[in-house]
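Student: Hey, can you walk me through this one? I'd like to go piece by piece.

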Amino acid sequence: MPVDETLATYSDWLYRSALGVYLFAVLLYAVEQAFARAPRKAEVMAGAGGPDVLTDAPKSELTRSERIGRMGAAMTVLGAVLHLGSLVMRGLSTGRAPWGNMYEYMSLLCLAAVVTWIVLMAKFPIRRLGVFVLPPILTLLFLGGTVLYAEAAPVQPALRSYWLAIHVSVISISSGMLLIPGVTSILYLLKDTNSDRFPKLPSADVLDRMSYRTTVLAFPLFTAGIILGAIWAEAAWGRFWGWDPKETVAFVTWVVYAAYLHARATAGWRGRGAAWINIVGFAVNVFNLFFINLVASGLHSYAGL
Amino acid sequence: MIAFLRNTWRGLTSMRTALTLLFLLALAAMPGALLPQLSLNAAKVDEYVAQRGWWGQLLLKLGFFEVYATPWFAAIYLLLFTSLVGCLLPRTWEYFKQMRAKPVLTPRNLSRMPHHAQAELDVTPDEVVAKAQKAMRGWRMETGEGTVSAERGFLRETGNLVFHFALLGLLVSFALGKMFNYEGQVIVQADGGQFCNGGIFNYDQFRPGLQVDGTDLTPFCVEIGKFTADYLDNGQPVGYQADIRYQSGDDLASNTWKPYTLQVNHPLRTEGDRLYLLGHGYTPTFTVTFPNGEKRTQGIQWLPTDQLTLASEGATKFDPPGVTDSETRRKNQIAVTGLLAPTPLLHGSILNSKFPALNNPMVAVDVYRGDLGVDDGRGQSIFSIDQKMVEQGRLAKVARKNLALGEEIALDDGTKVRFDAVNDWVSLQVSHDPTQGYVLAFAILIILGLGVSLTVKRRRVWVRATRLEDGRTLVEVGGLARTDQAGYGEEFTRLARAVLNEEKS
């Protein structure tokens, strides 16, 4: 299957535009975060699991910083649309699932993270946190677009399988989703340690809930991704599980997030303990992304740089 | 004594211990990804150990190069699963008891609940109860005098138990698989080479499970026909395929062959065994004409040393014909070694390969004569000569030349070596794992159980309506999510809204 160079170029342009738009969004969030007032005590109480408020609070006028924050959110959505466009163009230009090498994999992973963030923004009053959440994703995207960049090209025989579309997408989307609770868990620890020093962060309870709900959604997906990978490995490599470095670290990641879920049901480990475990999970996840693909040599190493 | 055992058991099955064991498991699995492993690349382990000195030796002794076969790794997962069983048994008992239990009666003080709302309304308690019943359709409900207690999300525990039992099942099937599986690799020449799964000795490499002695392999035979590989212009492979014929089961008795196209990602599945196409390479054929005029032709696989260009190295070994005296024979053995370039690229006389497909292939050969050392009882690689023999002067390099197809090289004693042809070989793997179907079934249950247990929330709602002295009714709603509060707030708010209004239902 020949590569359509024009579409591949469009894809690259869209990728760069998405990066620029995300960067702009971060700046807008930063402005909002810098000029926003810390919430008054009453609002803090409401967020912290006080009595549920049944009547809607009267809609107040939007302040200037809030308007800027809304622009940031809009920019994030625009960035995600461009980002998606870049992936679609890659797919069309190569005639295969656009996650066949590390650059593409990273791109999909980051898109999943951004979309997760957009959904969370819609559900929780945490828009300003974009200033903390987007930069790690931007860093990954930047590294992906520079160091790890790979020309649009067909993949090698082992990857020519419909399992590429299934296994890699599920793993990459769930890994991307898991980046978000990592960041919110760090924020949770900050807020929980010293609430007064970080008055502009949302309540620890909100941060904890965000982390949990995202993890709980991503974890079964990640599990499914591993199992789908095992099914593919059985057809491609002759065994469904062989402790290949990538398999091993995926297993470790899985165990760490399983520990997170258990910690939330264990006295003395709720809250801070669980947050730390989630951060460990985040670290292992990123380690798996870079170290295993770039340094360790294993069956998954054909990601192609 | 009993107390000690009981306390140990309680300690082992506590959540805190399970958590610690999970951590240990993650930690213990990690070296397997960071250090080379014997099961994946034994040569790399040797190199690693040699480079690290005593530290490498220590790691080797402690089993760090075969993490998943060590007692300490086994100890962790066995403890973890014991802990899991200890946790699951009482929970299963509790589960069946709870299945028949009624929702808990409305507590006295609803304002203490994590979720609480109340209002004074102009309705009768009966109307409140009716409204609550309507709002909580589908819940398990218990109605009392002016109160309703309702519960929902029992499926959470079902999913959770399914998940954990499936995890146990998966481990057991996995372990059984390791007892009865086997995996063998073999190189077979294309264009007519045959392989039969008759015994261990037909394989180049064989890894049996603990209970496999190699006498009872699934009988089947394959014959490799044409092998084709497609490449992009830059040498990147696009696809490999081998046309094969095979016979298994009843076909063996009737000697019928069935055709199959073996490809990467498309193994042949027959009689519970799988046959995989792992890789391919080239077999150069050389003809040696000895001084007495006798000819010997041999083709044996050479090993690709560059995966991109398939430049291959190897050693094709010849015995002088008609020599009965072993002493004389051992002085006149011949080995043709060197580099095979499928598509040659010459820098002066230095040969290399620039493309993996065959385009006027060339070989750069070093011909050795003397004692190959193949008779001393030690095994030696088919891809190289024994360098010790060269060092001891018992094997000497007698000629060196680049040869195109059909060209030959003459040795000082009149022996001629001709480069005849190049053919393909394929490397195959046969895998046998009788329990992998069960592993898959349990894996699917794991996903289902996990999905249910993480999306369904076990939660309770209580409503109490109390007549006040002024004729109005105080309606209180309390809510409690049993396992995790996250996300319950919205639903509770919706339910409370449905109950706390003055509309007539």
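Tutor: Sure, let's start with chain B as a whole and then zoom in.

Student: Before that, what should I know about the model and the numbering?

Tutor: It's a predicted model, where local features need pLDDT of at least 70, side-chain atom pairs count only at pLDDT 80 or more, and totals for chains, interfaces and linings use all residues. Residues are numbered from 1 along each chain as its sequence is written, while chains are lettered from A and ligands numbered from 1 in the order in which they are written.

Student: Cool. How many helices and strands are in chain B?

Tutor: Chain B has 13 helices and 23 strands. Those are DSSP runs numbered from the N terminus, with helices being H or I of at least four residues and strands being E of at least two.

Student: And what does chain B span along its principal axes?

Tutor: Its C-alpha trace spans about 125 × 55 × 55 Å. The radius of gyration of chain B is 37 Å, whereas a compact globule of 505 residues would be near 23 Å. That radius is taken over C-alpha atoms, and the globule rule is 2.2 Å times the number of residues to the power 0.38.

Student: Which domains is chain B divided into?

Tutor: There's domain 1 (2–97), domain 2 (103–153 + 457–499), domain 3 (179–280 + 429–435) and domain 4 (282–423). The bounds come from an automatic or database domain assignment. In chain B, the C-alpha centres of domain 1 and domain 4 lie 49 Å apart.

Student: New topic: helix H6 of chain B. Why does its span agree with its residue count?

Tutor: H6(B) has 30 residues (71–100), so at 1.5 Å a residue it should span 44 Å, and its end C-alpha atoms are 44 Å apart. The expected span is 1.5 Å times one less than the number of residues.

Student: Which residues of H6(B) are buried?

Tutor: B:Ile76, B:Leu80 and B:Ser83 are. Buried means 20 or more other C-beta atoms within 10 Å of the residue's own, exposed means 12 or fewer, and partly exposed is in between, with C-beta atoms placed from the backbone.

Student: What do they pack against?

Tutor: Helix H1 (2–13) and helix H2 (15–29) of chain B.

Student: Is B:Leu22 buried or exposed?

Tutor: B:Leu22 sits in H2 of chain B. It counts as buried because 23 other C-beta atoms lie within 10 Å. Leaving out residues up to four places away in sequence, B:Leu22 touches A:Val255, A:Ala258, A:Ala259, A:His262 and B:Leu80. Being in contact means the two C-beta atoms, placed from the backbone, lie within 7 Å.

Student: So there's chain A in that list! How many residues does the contact take from each chain?

Tutor: It takes 50 residues from chain B and 43 residues from chain A. On chain B's side, H2(B) gives the most, with nine residues. That side divides into 29 nonpolar, 16 polar and five charged. Here Ala, Val, Leu, Ile, Met, Phe, Trp, Tyr, Cys and Pro count as nonpolar, Asp, Glu, Lys and Arg as charged, and the others, Gly among them, as polar.

Student: Last one: how many residues of strand E3 in chain B are buried?

Tutor: Five of the six residues of E3(B) (147–152) are buried. Four bridges join E3(B) to strand E2 (140–143) of chain B, and the two run antiparallel. Strands pair if DSSP finds at least two bridges between them. E3(B) also has six bridges to strand E22 (459–467) of chain B, again antiparallel.
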